[in-house]
Amino acid sequence: LPSRTSTYGGCEPEDNSGVLSYVKVWHGGSDLGGAAGSNSGNEINGITLGGVGSGTTIDHIEVAYNLDDGVEFFGGTVNAKYVSVLFCGDDGVDTDQGFRGKLQYVFIMLGSNSNRAMEMDGKLNGSNEILEPRSFPQVSNLFIVGGDSDTPNDHSAETLKGLVHLREGTGGIFKNV
């Protein structure tokens, strides 16, 4: 699992890591560091992409009923089309650490245990200083269903409300949301 100090990916923005097409991940996730019933904050995402390049093909993917985030992009420039995320335990789509790819035709349905549809961060060091590269996702044709933005779930210690959370060190382009 990538962490803030892990090394992954490569130095080639156009790197081709292969094809992930017509893939379903249902009922995934596990708490890697806590006792049964506790929340250690170290869970497995449905699909995790670390530093994946734009030469990679990702389309028609679905994550449902995952314990943590549906799909998380740690850096990289990969583009993803036709992404469906249903009833995950934290965020539907999470981007951070300099992610600069395109996300097109994204459908996120939140459940009673979901946190946010999207959480987007930049790259931070231990003192919360924003580092380069900053994240700049380009999201188009995003459809979000559900969500009780007045009551954040107990998965997150954050008390801010909302369906999309843009945090430090991220920008982006959002079209047809």
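**Exercise 1.** In this predicted model, determine whether Glu-62 is buried or exposed.

*Solution.* The relative accessibility of Glu-62 is 17%. Buried means under 20% relative accessible area, so Glu-62 counts as buried. Its salt-bridge partner is Lys-24, with the closest N and O atoms 3.9 Å apart. Lys-24 has 63% relative accessibility and therefore counts as exposed. Lys-24 belongs to strand β1 and Glu-62 to strand β3 (residues 57–64), so the pair ties together parts that are 38 residues apart in sequence.

**Exercise 2.** Identify the residues that salt bridges with shared partners join into one network.

*Solution.* Step one: Arg-167 forms a salt bridge with Glu-119, where the closest N and O atoms are 2.9 Å apart. Arg-167 is located in the loop between β12 (164–166) and β13, and Glu-119 in strand β8 (residues 118–120), 48 residues apart.

Step two: Arg-167 also forms a salt bridge with Asp-121, at 2.5 Å between the closest N and O atoms. Asp-121 lies in the loop between β8 and β9 (123–124), so this pair ties together parts that are 46 residues apart in sequence.

Step three: the network consists of Glu-119, Asp-121 and Arg-167. Arg-167 is partly exposed at 23%, Glu-119 is buried at 9%, and Asp-121 is buried at 4% relative accessible area.

**Exercise 3.** State the strand order of the open sheet and name its edge strands.

*Solution.* The 6 strands follow the order β1-β3-β5-β7-β11-β13, with parallel pairing. The edge strands, each pairing on one side only, are β1 (19–26) and β13 (173–175). Within the sheet, 7 bridges join β7 (residues 102–109) to β11 (residues 138–145).

Notes: Residues are numbered from 1 along each chain as its sequence is written. This is a predicted model: local features need pLDDT of at least 70, side-chain atom pairs count only at pLDDT 80 or more; totals for chains, interfaces and linings use all residues. Side-chain values use heavy atoms; hydrogens and water are left out. Two strands pair if DSSP finds at least two bridges between them. Helices (H or I, at least four residues) and strands (E, at least two) are DSSP runs, numbered from the N terminus. A salt bridge is a side-chain nitrogen of Lys or Arg within 4 Å of a carboxyl oxygen of Asp or Glu. Buried means under 20% relative accessible area, exposed over 50%, partly exposed in between (1.4 Å probe, protein chains only).
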